[in-house]
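Work through these exercises on charged side-chain pairs. Each task is followed by its solution in steps.

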Amino acid sequence: MKLSHIGLMIVAILAFTILPTSLEAQQKGSDERENVNRNKFRQLEQDLPTPNAYRNAAGAPGHEYWQQRADYDIELELDDDNQRIYGSETITYHNNSPDVLNYLWVQLDQNVRAKDSDSYLTKTMEISDSISFKDFSKLHLDFDGGFKIDHVKDGNDQDLNYVINKTMMRIDLPVPMQPNATFSFKVKWWYNINDRMKMGGRSGYEYFPEDDNYIYAIAQFYPRMAMYNEVYGWQNKQFLGRGEFTLVFGDYKVSITAPADHVITATGELQNPDDVLTNEQMSRFRKAKTSDEPVLIITENEARRNESSRSKSKKTWVFHAENVRDFGWASSRKFIWDAMGVTFGERTVLAMSLYPKEGNPLWEQYSTRTVAHTLRIFSRHTFDYPYPVAISVHTKKIGMEYPMICFNFGRPEKDGTYSERTKYRMIGVIIHEVGHNYFPMIVNSDERQWTWMDEGLNSFVQYLTEKEWDRDYPSRRGPSYKITDYMKGDKKRLSPIMSNSETIHQFGNNSYAKPAAALNILRETVLGRELFDFAFKEYSQRWMFKHPTPADFFRTMEDASGVDLDWFWRGWFYTTDHVDMSIDAVNWFKVDTRNPDQEKPLARIEDERTANFITDLRNKEDIPETVVEKDPATRDFYNEYDEYNVNNADRMDFQKYNSKLAGEDRQLLSKKYNYYEVRFSNIGGLVMPIILEIEYDDGSKELMHIPAEIWRYNNNEVRKVLVNEKEIRSIALDPFLETADTDMSNNYWPPRPQPTRFKLFKEKKEKENKMQREKRAKKISPKDIEARLRKE
């Protein structure tokens, strides 16, 4: 690298101005406004809703905040012969708003499976040269899973007028509902349960042909109140299958009648265990409450015996849940059941798992332990888990959450072995779905509008939880470097995080992975762990059992951390920009001290380092002797003059210059500092902090963290001068993969080639997992190998 010298001088500048014409002034003002509007550090206030008495500017509930409530008394019967659910309910709706309501909106989410569902009508498909049987079968789907409403009546059993609009039902009130009033009404319904293995979905059954049994994992099974709030009135956006749920809190009493040999688990606490469990099972249940490891309440042997039972009698299981936004349940003859206690202060929460024998050995070893671990870590980052139970239920091809209960995949092979991927995905889905108790079951955001507010936040804390389960846990989401391929993709196939749930491209990357990576960057790189953890916990506790919006999250994180993060929210959540910062050039300078005894020897060395010109090199061979070399008469003073020799005139001039300098200037001039001007460019558009690892010529290293605000005046290019007495050997930008930089090839000075490896392979599906391979290996003797070699 070429070294340049900079001179220090005092310059007098005579400046004058020419007044611009009116048109020029207007154009300049317009350009300035446009630059301000495009600036990535402009404030978000113009985009966020105006703070008010309900939601204040700090991101907290305002002094007039209110929210509605709905209490449910539900009676259900499971028809195991015909795979149907029959239900009746009494809903008591509490109008805590200051508004008069003329009608109520009720969600009929099960109508997403009606034959005329918008979900089916709006689904797109492309037929190419080949199509999977799974997709092909969906073209011939002939199943009616929508609600069949028998009646809607008031508390006096008088018919109410109602209108069904696909997945919504409007109930017209006989008299307007005043503020602070309550209204009770009754609904009776039934519907056919879908085969989840064929049709998918968040609810349905899994059939086991080997023993002719079912696992029912049931949700969205009842007409439930839509949200009404001060943000948008009634949230009556149709359910199309992707954007999940927007619900109000309330108390639930749910009675579920099923064949007597079924085991049922559900949201809430079981109210009649003595009626449905044996004395031995009750004893184990009590033991589990104080155990710090899983205790079997229903053993595998008991579950196997139960599988072959076909009871003609029925049992009713009664559950009660307080202050929950929804209800889910599961029923089967196949369930093994274990549980353990998790202590929070003087409270003990029961962590439980229910699973078929097909889930072992994975489920008996890991599920309940994972539930307990999740409660501990999530609580540390948010608030102590407030509910009495947390339940993980196993059924295939699902990961779905409801208050206190979730349905999770992760099944071993039939021989009991399992791949590493199956193990970690099973643990990961349990952490994720149990974690949803916090987001959105308690911090109750609007899933129908903003998927990221629960999936993104939950995936972020899931990542923290995974790393405390196993230091080498192969997390899929959370690390910033794992989102780079998505972020640098085709912008036509990307959506901002702040997109409605039904309009998102690449749903998992957009709503799970990108928000999780963004929050991890915020924690590790922008705020630091201490500030972030305090602010994140503040948000969680402010909005426990309430309904936050994106603005409440953004404002709380800024309010509690004391950091303006508008640039971060704008870039990561409102755009599809990506991170690609580049070190474009490094220029090395030393101050020209004007001291001839120092500067001229240095200049001689620099001159000698200058590369030789090709013509001069060849002329030394082709021209034996020049005129000046041959004839002394052609030489004069300048042929002998050495410009790098120091004479007394040089020294006198320096003394005159030096005597005019102030003491501190003279001292600064004498320092032997190196000045490196580093030019950075923002290629991807997303502004981020500049993190540098600087290596010096003595082998020492320095880490420099430059806040993102370095880009505030010029979002596209900045220059930074690094000053040190030591010479710099190399500079690395984002050395620890903190910023989700999508192109690391331009992050080094001197440039460092980034090799990419490729593999040659024949497409072949693995026939065995590592456990199966190990079993096979133990059966192979050295003689077998020798025999194989001889044969070949």
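**Salt bridges, pair by pair**

At 41% relative accessibility, Arg304 is partly exposed (buried means under 20% relative accessible area, exposed over 50%, partly exposed in between; 1.4 Å probe, protein chains only). The model is predicted: local features need pLDDT of at least 70, side-chain atom pairs pLDDT 80 or more, while totals for chains, interfaces and linings use all residues. Residues are numbered from 1 along each chain as its sequence is written, and side-chain values use heavy atoms, leaving out hydrogens and water.

**Exercise 1.** Find the salt-bridge partner of Arg304 and place the pair.

- Step 1. Apply the criterion: a side-chain nitrogen of Lys or Arg within 4 Å of a carboxyl oxygen of Asp or Glu.
- Step 2. Glu300 meets it, with the closest N and O atoms 3.0 Å apart.
- Step 3. Both residues sit in helix α7 (residues 300-307), four residues apart, so about one helical turn separates them. Helices are DSSP runs (H or I, at least four residues), as are strands (E, at least two), numbered from the N terminus.
- Step 4. Glu300 is partly exposed, at 24%.

**Exercise 2.** Is each residue of the Asp159 and Lys153 pair buried or exposed?

- Step 1. Their closest N and O atoms are 2.7 Å apart, a salt bridge.
- Step 2. Asp159 is exposed, at 60%.
- Step 3. Lys153 is buried, at 19%.

**Exercise 3.** Locate the partners Asp157 and Lys186.

- Step 1. Their salt bridge spans 3.0 Å, N to O.
- Step 2. Asp157 lies in the loop between β5 (148-154) and β6 (162-165). Lys186 lies in strand β8 (residues 182-192), 29 residues apart from Asp157.
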